[in-house]
Amino acid sequence: MTYGSAHEPGTVRKLWQLLEPVHAVVYFAPEAYEEAGGLGYATDDRWPMYFAYRAAPLGPAGAGLVNALFYSFSPRMVEHYLAQSWHTAPPARVLAARAVAADRALHALFGERTASPELAEAARLARRAAEAVTTGGRPLAAANAALPWPEAPHTVLWHAATILREHRGDGHLAALQAHHLDPVESLVLQSGVGAAPAEWFESRQWSADAWLAARGRLAARGLLSENGDGYGDRDGDGDGAATAAGLALRTEVEKLTDELASGPWSALTPQEVARLAELLLPPVLDIVGAGILPTRGTLGIGMKYDYEG
């Protein structure tokens, strides 16, 4: 079943995969680093910028709240980056810099497409879906939905993509909790189903002990293999590979995530949804073709099993 939408979960997932690159430019584009650097954030890696940009709609949130809402990062990592975030720049200035970063980055990526009627049409359709978001139990979606809408079509598209992806992300956390997967377990199982090697998740900064303990808990539930025949086993030693039960549970998590994300799309007819997907493909190819998004990581673009966060 779907929750409040006539659109199939596969269609909802396709729309997320098309909109995620639009949102993600603000964490990877050179313009995003420049704006963050102008505020005083270190730019030798993306995390100071990431935590500030993504958390700013919440106001001067502390590490406890951000850790709860971002979910998959180790608490010590969140504490490290949030410790100085709002001393470096208050949330209002971060939001202003984020908006400029999105504007500049997408303008550079889209080029002449920025002023095209097709992009304007895509922005209008995406905005209608974003304005249909219900925010009960969706704190990151609510925080972004409360921000004023920009005017230029490419920035409208970015803001809509951001609201919709945070709405989906909030629902994803609910799906993980409904299936009794804590933050580190969610990453271990994602690795176990073969979505990505465990090394790709080191950026979330869980300790080796925490990772191994999560493996043990999942193995005790029969979700990870201990005899080398799991689905995510790349070297045949059974090290953290998902069993059939683990694969089935992860599939159910993704299915529920899609269903919980479906509601806003009821604002569009199936024909409008198909039209939006058609309109989004060229600008998304602009983004992907620019090479600024990671080809290895946890964005999940084009992957069967994805972590949103």
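**Helix packing and buried cores in an all-helical model**

Helix H11 (residues 183–192) and helix H12 (residues 208–220) pack with their axes 9 Å apart, at an angle of about 75°. H11 is therefore roughly perpendicular to H12, since angles of 65 to 115 degrees fall in that class. On the H11 side, the residues that meet H12 are Val-184, Glu-185, Leu-187, Val-188, Leu-189 and Ser-191. Their counterparts in H12 are Ala-210, Trp-211, Ala-214, Arg-215, Arg-217 and Leu-218. By class, eight residues of this contact are nonpolar, one is polar and three are charged. These values, like those that follow, were computed from a predicted model.

Two residues add detail to this region. Ser-191, which is found in H11, has a relative accessible area of 10% and is thus buried. Beyond its neighbours within four places in sequence, Ser-191 is in contact with Ala-196, Pro-197, Ala-198, Phe-201 and Trp-211. Gln-205 lies in the loop between H11 and H12. With a relative accessibility of 26%, Gln-205 counts as partly exposed. The phi angle of Gln-205 is near 65°, a positive value in a residue other than glycine. Most residues other than glycine have a negative phi.

With regard to the overall architecture, the protein has 14 helices and zero strands. Of its 309 residues, 56% are buried. Among contacts with a separation of 6 or more, 75% join residues 24 or more positions apart.

A further helix pair is formed by H10 (residues 153–178) and H13 (residues 244–260), whose axes come within 8 Å and cross at roughly 140°. The two helices are therefore oblique to each other, and H10 passes H13 in a right-handed crossing. From H10, the contact is made by His-167, Arg-168, Gly-171, His-172, Ala-174, Ala-175, Leu-176 and Ala-178. H13 contributes Arg-250, Val-253, Glu-254, Leu-256, Thr-257, Asp-258 and Leu-260. The contact of H10 with H13 comprises seven nonpolar, four polar and four charged residues.

H10 also holds Glu-166. At 2% relative accessibility, this charged residue counts as buried. Leaving out residues up to four places away in sequence, Glu-166 touches Arg-54, Leu-140, Ala-141 and Asn-144. Of these partners, Leu-140 is 26 residues from Glu-166 along the chain, and the C-alpha atoms of the two are separated by 5.7 Å.

The nonpolar interior was examined next. In soluble globular proteins, nonpolar side chains tend to be buried together. In this model the largest nonpolar core contains 72 residues, of which Phe-51, Tyr-53, Phe-70, Val-94 and Trp-265 touch the most other members. Helix H1 (residues 9–28) supplies the largest share of this core, ten residues. A second, separate core of 26 residues includes Val-188, Val-193, Ala-198 and Leu-224. Val-188 of this second core is also one of the H11 residues that meet H12, and Ala-198 is among the contacts of Ser-191.

Within the largest core, the surroundings of Phe-51 were considered individually. Apart from neighbours within four places in sequence, Phe-51 is in contact with Val-66, Phe-70, Phe-73, Met-77, Val-78, Tyr-81 and Leu-82. One of these partners, Phe-70, is itself among the residues that touch the most other members of the core. Tyr-71 lies in the loop between helix H4 (63–70) and helix H5 (75–82). Its relative accessible area is 9%, so Tyr-71 is buried. Phi of Tyr-71 is near 70°, again a positive value in a residue other than glycine.

Towards the C-terminal end of the numbering, Leu-279 is found in helix H14 (residues 270–290). A relative accessibility of 7% means that Leu-279 counts as buried. Residues up to four places away in sequence aside, Leu-279 touches Glu-118, Glu-121, Ala-122 and Leu-125. Leu-279 and Leu-125 are 154 residues apart in sequence, with a C-alpha to C-alpha distance of 9.9 Å.

Conventions:
Residues numbered from 1 in each chain as written. Predicted model: local features only at pLDDT ≥ 70, side-chain atom pairs only at ≥ 80, totals over all residues. Heavy atoms only, no water. Axes fitted to C-alpha atoms, helices over the stretch in contact; angles between N-to-C directions. Helix = DSSP H or I, 4+ residues; strand = E, 2+ residues; numbered from the N terminus. Parallel < 35°, antiparallel > 145°, perpendicular 65-115°, else oblique. Left-handed = near helix turned anticlockwise from the far one by under 90°. Contact = heavy atoms within 4.5 Å. Core = buried A, V, L, I, M, F, W, Y, C linked by side-chain atoms within 4.5 Å. Buried < 20%, exposed > 50% of the residue type's maximum accessible area, 1.4 Å probe, protein only.
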